[in-house]
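Please open the structure in your viewer and keep the sequence beside it. The tour proceeds by selection, one stop after another.

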Amino acid sequence: MVKRADEQLNQAFAALADPTRRAIVDRLARDDGVSVSDLYQPFRRRMTLPAVSKHLRVLERAGLLRQERDGRVRRCHLEPEPLKQANAWVERYRVFWSGQLDALAEFLEHEAEEK
């Protein structure tokens, strides 16, 4: 089970490493159920529709996205669970580093008082 959870986290971070995919996730966080063609519009000057579809497949394999057919239109939905897992992982380290920085600040204040 741990290996599966680790693999899901790895896939989520790998998928989110790309700015195009992060932009797609941002759009879906604002507007759920967006069509693939609507997701393509902001990228149409830089890439083809098949290239955007490849990005969508990466997000889908990482569990961040779900596609459904609505007649002839494919709609995309954000799946929040992998984002929650990634946030929990980052949060553990934020708490750690926050504690480390607080201890450093306390040490420096103590040193300044002694001088």
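Select His77 and Asp32, and display their side chains: a polar contact of 3.0 Å joins the two. The model on the screen is a predicted one. Keep His77 selected and add Glu68, whose side chain makes a polar contact of 2.9 Å with the side chain of His77.

Is His77 buried or exposed? His77 has a relative accessibility of 9%, and because buried means under 20%, His77 counts as buried. To see what surrounds His77, select the residues that it touches beyond four places away in sequence: Leu28, Asp32, Gly33, Leu64, Leu65, Arg66 and Glu68.

**The sheet**

Next, switch to a cartoon view and locate strand E3, in which His77 lies. Strand E3 covers residues 73-78. Which order do the strands of the sheet follow? The open sheet has three strands in the order E1-E3-E2, with antiparallel pairing. Strand E1 (34-35) and strand E2 (65-70) are at the edges; each has a single partner strand, so one side of each is left without a neighbour in the sheet.

Now examine the two pairings in turn. E2 and E3 run antiparallel and are joined by six bridges. Select Gln67 in order to find one of these pairs: its bridge partner in E3 is Cys76. Asp70 likewise has a bridge partner in E3, namely Val73. Follow the chain from E2 to E3 and a hairpin appears, with two residues between the strands. In the turn, select Gly71, which has a positive phi of about 70°.

On the side of E1, the pairing with E3 is also antiparallel and extends over two bridges. Select Val34, and its bridge partner in E3 is found to be Cys76.

A further residue to select in strand E3 is Leu78. Beyond its neighbours within four places in sequence, Leu78 is in contact with Val25, Leu28, Ala29, Asp32, Leu64 and Leu83. Add Gly63 to the selection: Leu78 and Gly63 are 15 residues apart in sequence, and the distance from C-alpha to C-alpha is 8.8 Å.

**The helices**

Proceed to helix H2, residues 19-30, and display helix H4 as well. Two packed helices are described by the angle between their axes and the distance between the axes. How do H2 and H4 pack? Their angle is about 75° and their axes are 10 Å apart. That angle makes H2 roughly perpendicular to H4.

To inspect the contact itself, select Thr20, Arg21, Ile24 and Val25 in H2, which meet His55, Leu56, Val58 and Leu59 in H4. Colour this selection by residue type: five of the residues are nonpolar, two are polar and one is charged.

Finally, return to the hairpin, where six bridges join E2 to E3. Helix H4 (residues 49-61) packs on the sheet and touches both E2 and E3, and its direction makes about 120° with that of E2.

Methods: Residues numbered from 1 in each chain as written. Predicted model: local features only at pLDDT ≥ 70, side-chain atom pairs only at ≥ 80, totals over all residues. Heavy atoms only, no water. Pairing = 2+ DSSP bridges. Helix = DSSP H or I, 4+ residues; strand = E, 2+ residues; numbered from the N terminus. Contact = heavy atoms within 4.5 Å. Axes fitted to C-alpha atoms, helices over the stretch in contact; angles between N-to-C directions. Buried < 20%, exposed > 50% of the residue type's maximum accessible area, 1.4 Å probe, protein only. Polar contact = N/O pair within 3.5 Å; in protein donor to acceptor, adjacent residues only side chain to side chain. Parallel < 35°, antiparallel > 145°, perpendicular 65-115°, else oblique. Nonpolar A, V, L, I, M, F, W, Y, C, P; charged D, E, K, R; others polar.
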